[in-house]
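Here is a friendly set of questions and answers for the bench. Each answer sets a value against its definition.

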Amino acid sequence: LAFVSPGCAICCQILSVFGIVFLVALGLLFNAEVEELTGSTEDPVNPKEVGHACFLAAAIYAGFFFCCSCQQFVRKADARRARRL
């Protein structure tokens, strides 16, 4: 059951990869309590929680990446099946 066009699936995959990399990097930096991110009065009170939220958001992006990868697989399988008929 393919419900995403091939172009949208590829775009979603690319954006998801960048989102995962960026959010994991931010999560690691917040967990390490890097001074540039946690040093001023306007920064988060608990940087470990912010890091955890970044990892959770990265996991959501990974779910989107997986879903769009499955859509690519389904489209290719449908195309092979159509050629055989």
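Q: What makes Arg 81 count as partly exposed?
A: Its relative accessibility is 47%. Buried means under 20% relative accessible area, exposed over 50%, and partly exposed in between, with a 1.4 Å probe and protein chains only. Arg 81 therefore counts as partly exposed. A word on the basis: this is a predicted model, in which local features need pLDDT of at least 70, side-chain atom pairs count only at pLDDT 80 or more, and totals for chains, interfaces and linings use all residues. Residues are numbered from 1 along each chain as its sequence is written, and side-chain values use heavy atoms, with hydrogens and water left out.

Q: How do you know that Asp 78 and Arg 81 meet in a salt bridge?
A: A salt bridge is a side-chain nitrogen of Lys or Arg within 4 Å of a carboxyl oxygen of Asp or Glu. For Asp 78 and Arg 81 the N to O distance is 2.9 Å, so the pair fits that definition. The structure holds one salt bridge.

Q: Why are Asp 78 and Arg 81 separated by about one helical turn?
A: Because they are three residues apart in helix α3. Helices here are DSSP runs (H or I, at least four residues), numbered from the N terminus. Asp 78, at 34% relative accessibility, also counts as partly exposed.

Q: How do you know that the span of α3 agrees with what is expected?
A: The expected span is 1.5 Å times one less than the number of residues. For the 38 residues of α3 that gives 56 Å, and the end C-alpha atoms are 56 Å apart, so the two agree.

Q: Why is Gln 71 called buried?
A: Its relative accessible area is 4%, so Gln 71 falls under the buried cut-off. Gln 71 is found in helix α3 (residues 47–84). Not counting residues up to four places away in sequence, Gln 71 touches Leu 1, Ala 2, Phe 3, Val 4 and Ala 9, where contact means heavy atoms within 4.5 Å. The buried residues of α3, including Gln 71, pack against α1 and α2.

Q: What makes Phe 18 exposed?
A: Phe 18 has a relative accessible area of 59%, so this helix α1 residue passes the exposed cut-off. Ile 14, also in α1, is partly exposed at 45%.

Q: How confident is the predictor in this protein?
A: The mean pLDDT is 90, and 100% of the residues reach 70 or more; pLDDT is the predictor's confidence in each residue, from 0 to 100.

Conventions: Helix = DSSP H or I, 4+ residues; strand = E, 2+ residues; numbered from the N terminus.
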